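Reader: Could you walk me through this structure? I am new to reading models like this one, so I may ask about basic things as we go.

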Amino acid sequence: MASVTLEKVNKVFGRDHIIKDVDLSIGDGEFVVFVGPSGCGKSTLLRLIAGLESISDGDLNIGGTVVNELPPRERGVGMVFQSYALYPHMTVYDNMAFGLKLAKTNKETVHERVMSTAKILQLEELLHRKPKALSGGQRQRVAMGRAMAREPRILLFDEPLSNLDASLRVQMRNEIARLHNRLGSTMIYVTHDQVEAMTLADKIVVLNRGHVEQVGSPHELYQRPATKFVAGFIGSPTMNFLPAKLLNGATDGCRVNVAGLGDVTLPQAADGYSQGSSLTLGVRPEHLRLEAPQGDNCFDIVNVEYLGNEVYVYLEPKEGKTLLIHRSEAPSQWKEGQQVSLVPDTEHVHLFDESGAALMLSDARSAA
Ligand SMILES: Nc1ncnc2c1ncn2[C@@H]1O[C@H](COP(=O)(O)OP(=O)(O)OP(=O)(O)O)[C@@H](O)[C@H]1O
Ligand SMILES: [Mg+2]
């Protein structure tokens, strides 16, 4: 087990600056999840930590030592990839023992480690089988076992569940969470999957074009996204954004005019912004209320999706084509073709300035 610290870590491939000044501190035993759009550098960052790529600039520290120059096998990290590529001609036992044998571990220790790992992952019954005689989930467990048998200080996962079907993903997600509880090892996990990130992470790192956009607990990122990018990335269906103009702002709150919603009073402090500043209002689908249409501020319901436990209502503004989404528990009274007005829950809306930075809640509100 070990902590991991990145200080101003950069990675350049040829002319492309892929990882930019990443500062990150991961505590011993923490479960950290990297998320971000495709190509933002998640896998590259993981490979830098594993030692599969060299760091162009900055320091990587594992367990108190700078390891920039250390080869992968001396870093004490184990990695599980998306394509787990087990050796097809070897049994489960041999797949798990392979890395240990390569590291010239003595026979008894190899056996002990394979057996104890197999027990944790409930693979004992399958040790004699070849990978082709296993289900997807079992193969995934063997891939984890292969990484774990070497007793790494840190386990790295790169989208380990993305090849599995939906129900198996849920099952494996749960197993990984329980595994982390039992082993208490430091885990760094890359995923595209919102639910995996929210449910597994102690801490989520949101990456955007190679830089860290925000680091925080799932709750912090959901409740208080620091930027519009994070606000739009975390949460599904995604947050609604509407253009707004600042009417007046003070330290204890502000008043804005929002396209399609009219004038709204909000708890954000906007004293640093001049009257008329362009802002964006962000509101999650569950924090909108639909009402009978009032005046000019109305939207057309263009589609209603029934998901069993909840209902998504898609709304088209009079001006502009970006659809808004409203979410509520099923059943819903709303039908396609109706006109409605929207009322945001002002306790739960977000405001962003033109640079995408979130306006802070006024002191009185954030203390509450
Ligand atoms: N060996 C390499 N040489 C040149 N460019 C690379 C190399 N490896 C990655 N890149 C580039 O670095 C960027 C980040 O890639 P990376 O694989 O880290 O993204 P990612 O966030 O894991 O994306 P995805 O979600 O699609 O897996 C991409 O633009 C990719 O083309
Ligand atoms: Mg990747």
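Reader: Which residues surround ligand 1?

Author: Before I answer, please keep in mind that this is a predicted model. The residues around ligand 1 are Phe13, Ile18, Pro37, Ser38, Gly39, Cys40, Gly41, Lys42, Ser43, Thr44, Glu159 and His192.

Reader: How many of them are nonpolar, polar and charged?

Author: Sorted by class, the shell around ligand 1 contains 4 nonpolar residues, 6 polar residues and 2 charged residues.

Reader: And which helix gives the most to that shell?

Author: That is helix 1, which covers residues 42-50 and supplies 3 residues to the shell around ligand 1.

Reader: What does an oxygen atom of ligand 1 find in the side chain of Ser38, and how far away?

Author: In the side chain of Ser38 there is an N or O atom that lies 2.5 Å from an oxygen atom of ligand 1. For Gly39 the contact is with the backbone, where a polar atom is 2.8 Å from an oxygen atom of the ligand. His192 takes part through its side chain, with a polar atom 3.2 Å from an oxygen atom of ligand 1. As for how far the ligand is covered, ligand 1 taken alone exposes 640 Å², and the protein buries 58% of that.

Reader: Let me step back for a moment: how many helices and strands are there in the protein chain?

Author: The protein chain has 9 helices and 20 strands. Its C-alpha atoms fill a box of roughly 80 × 45 × 40 Å when this is taken along the principal axes, and of its 368 residues, 48% count as buried.

Reader: Changing topic, how many salt bridges does the structure hold?

Author: There are 12 salt bridges in the structure. As background, side chains with opposite charges can pair when their charged atoms come close. One of the salt bridges is formed by Lys8 and Asp23, whose closest N and O atoms are 2.8 Å apart. This pair links distant parts of the chain, since Lys8 belongs to strand 1 (residues 4-13) and Asp23 to strand 2 (residues 16-26), with their positions 15 residues apart in the numbering.

Reader: Why does Lys8 count as partly exposed?

Author: Lys8 counts as partly exposed because its relative accessibility is 45%, and that value falls between the limits of 20% for buried and 50% for exposed. Its partner Asp23 is partly exposed too, with a relative accessible area of 37%.

Reader: What about Lys101 and Asp94, how far apart are they, N to O?

Author: The side chains of Lys101 and Asp94 form a salt bridge in which the N to O distance is 3.9 Å. Lys101 is partly exposed at 47% relative accessibility, and Asp94 is also partly exposed, with a relative accessible area of 28%.

Reader: Then there is Glu175 with Arg141; are they buried or exposed?

Author: Both Glu175 and Arg141 are buried. Their side chains meet in a salt bridge with an N to O distance of 3.6 Å. Here again the pair links distant parts of the chain, as Glu175 sits in helix 5 (residues 166-183) and Arg141 in helix 4 (residues 136-148), 34 residues apart. Elsewhere, salt bridges with shared partners join Arg169, Asp193 and Glu196 into one network.

Reader: I was also looking at strand 17; why is it largely enclosed by the rest of the structure?

Author: Strand 17 (residues 310-317) is largely enclosed because 7 of its 8 residues are buried.

Reader: How does it run against strand 16, and how many bridges join them?

Author: Strand 16 (residues 299-306) and strand 17 run antiparallel and are joined by 7 bridges, and within this pairing Asp300 stands opposite Glu316. The two strands form a hairpin with 3 residues between them, where Gly308 takes a positive phi near 95°.

Reader: And what happens between strand 17 and strand 18?

Author: Strand 17 and strand 18 (residues 324-329) pair in the antiparallel sense over 6 bridges, and Leu315 stands opposite Leu324 in strand 18. This hairpin has 6 residues between its strands, and Gly320 in the turn has a positive phi of about 90°.

Reader: Last one: where is Pro72?

Author: Pro72 is in the loop between strand 5 (65-66) and strand 6 (77-80), and it is partly exposed, with a relative accessible area of 30%. Measuring from C-alpha to C-alpha, Pro72 and Ala50 are 5.8 Å apart in space, while in sequence they are 22 residues apart.

Notes. Residues are numbered from 1 along each chain as its sequence is written. Chains are lettered from A and ligands numbered from 1 in the order in which they are written. This is a predicted model: local features need pLDDT of at least 70, side-chain atom pairs count only at pLDDT 80 or more; totals for chains, interfaces and linings use all residues. Side-chain values use heavy atoms; hydrogens and water are left out. A salt bridge is a side-chain nitrogen of Lys or Arg within 4 Å of a carboxyl oxygen of Asp or Glu. Helices (H or I, at least four residues) and strands (E, at least two) are DSSP runs, numbered from the N terminus. Buried means under 20% relative accessible area, exposed over 50%, partly exposed in between (1.4 Å probe, protein chains only). A residue is near a molecule or strand if one of its heavy atoms lies within 4 Å of it. A polar contact is a pair of N or O atoms within 3.5 Å; within protein, one must be able to donate a hydrogen and the other to accept it, and residues adjacent in sequence count only if both atoms are side-chain atoms. Accessible areas come from the Shrake-Rupley method with a 1.4 Å probe; for residues, only the protein chains shown count as cover. Ala, Val, Leu, Ile, Met, Phe, Trp, Tyr, Cys and Pro count as nonpolar, Asp, Glu, Lys and Arg as charged, and the others, Gly among them, as polar. Two strands pair if DSSP finds at least two bridges between them.
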